[in-house]
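User: I would like a close look at a single part of this model. Please start there and then place that part in the wider picture.

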Amino acid sequence: LDTFGKRGPFFPPVLLGDVNGDEHLDLVAGKSREKLNIFLGQSGRDLLARTPQTMAVPLPDDERKTMIVDLNRDKQRDLLIHHARFSAPQRLILLIAK
């Protein structure tokens with residue numbers, strides 16, 4: 001929240017990476033400040049699933065604070081979400097791929 005009690009602009013993350021380990025690129029896109037859509041990649045004519053998997057996870061206002069990285073070196077991409085605010089404690093949210 002800013003000094004007037006209102007949130008600033010929201011820039012949702014839009015990322016590509018294999019987050020489920022099936023060797024197809026997946027599309028990860030913020031739906032809202034509290035929801036993340038994951039369109040799983042697939043082979044064939046349609047490269048992405050038409051219906052996303054939706055996850056309830058708080059997203060930062062800045063899309064640059066959401067990254068796809070291999071945190072535990074298992075050759076699967078994990079999702080790292082960094083909440084950095086001056087008026088509140090910083091926190092990290094990790095979604096580890098299985």
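In which sense do strand 6 and strand 7 pair, and over how many bridges?

Analyst: Strand 6 and strand 7 pair in the antiparallel sense, over five bridges. Keep in mind that this is a predicted model. Strand 6 covers residues 78–83. Strand 7 runs over 91–95. One facing pair can be named: Ile81 stands opposite Ile93, the latter in strand 7. In general, strands of a sheet pair through backbone hydrogen bonds, and the pairing is either parallel or antiparallel.

The two strands belong to an open sheet. This sheet has three strands in the order 5-6-7, and its pairing is antiparallel. Strand 5 (66–69) and strand 7 are the edge strands, each pairing on one side only. On average, neighbouring strands of this sheet are turned by 20° against each other, with direction ignored.

Now the wider frame. The protein has seven strands and zero helices. Along the sequence the pattern reads β-β-β-β-β-β-β. A box of roughly 50 × 30 × 20 Å, taken along the principal axes, is filled by the C-alpha atoms. The protein has 98 residues, and 32% of them count as buried. It exposes about 6900 Å², of which carbon and sulfur atoms supply 55%. Take the contacts between residues at least 6 apart in sequence: 29% of these join residues at least 24 apart.

Next, the charged pairs. The structure holds three salt bridges. As a general point, side chains of opposite charge can pair when their charged atoms come close.

One salt bridge joins the side chains of Asp61 and Arg33, at 2.4 Å from N to O. Asp61 lies in the loop between strand 4 (53–56) and strand 5, while Arg33 lies in the loop between strand 2 (26–32) and strand 3 (35–39), so the pair ties together parts that are 28 residues apart in sequence. This bridge thus involves the loop that comes before strand 5, an edge strand of the sheet above. The same two side chains also make a polar contact, at 2.4 Å.

The two partners differ in exposure class. Arg33 has a relative accessible area of 18%. Buried means under 20%, so Arg33 counts as buried. Asp61 is partly exposed, with a relative accessible area of 23%.

What surrounds Arg33, leaving aside its neighbours within four places in sequence? Arg33 is in contact with Arg7, Gly8, Pro9 and Phe10, among others. Its contacts also include Val57, Pro58 and Leu59, together with its salt-bridge partner Asp61.

Another salt bridge joins the side chains of Arg64 and Asp62, at 2.8 Å from N to O. Arg64 is exposed, with a relative accessible area of 63%.

There is also a salt bridge between the side chains of Asp46 and Arg50, at 3.4 Å from N to O. Asp46 is partly exposed at 31% relative accessibility. Arg50 reaches 69% and counts as exposed.

To return to your starting point: strand 7 pairs with strand 6 in the antiparallel sense, and strand 7 is an edge strand, pairing on one side only. The sheet itself is open, with the order 5-6-7.

Notes. Residues numbered from 1 in each chain as written. Predicted model: local features only at pLDDT ≥ 70, side-chain atom pairs only at ≥ 80, totals over all residues. Heavy atoms only, no water. Pairing = 2+ DSSP bridges. Helix = DSSP H or I, 4+ residues; strand = E, 2+ residues; numbered from the N terminus. Axes fitted to C-alpha atoms, helices over the stretch in contact; angles between N-to-C directions. Salt bridge = Lys/Arg side-chain N within 4 Å of Asp/Glu carboxyl O. Buried < 20%, exposed > 50% of the residue type's maximum accessible area, 1.4 Å probe, protein only. Polar contact = N/O pair within 3.5 Å; in protein donor to acceptor, adjacent residues only side chain to side chain. Contact = heavy atoms within 4.5 Å. Areas by Shrake-Rupley, 256 points an atom, 1.4 Å probe, with all protein chains shown as cover.
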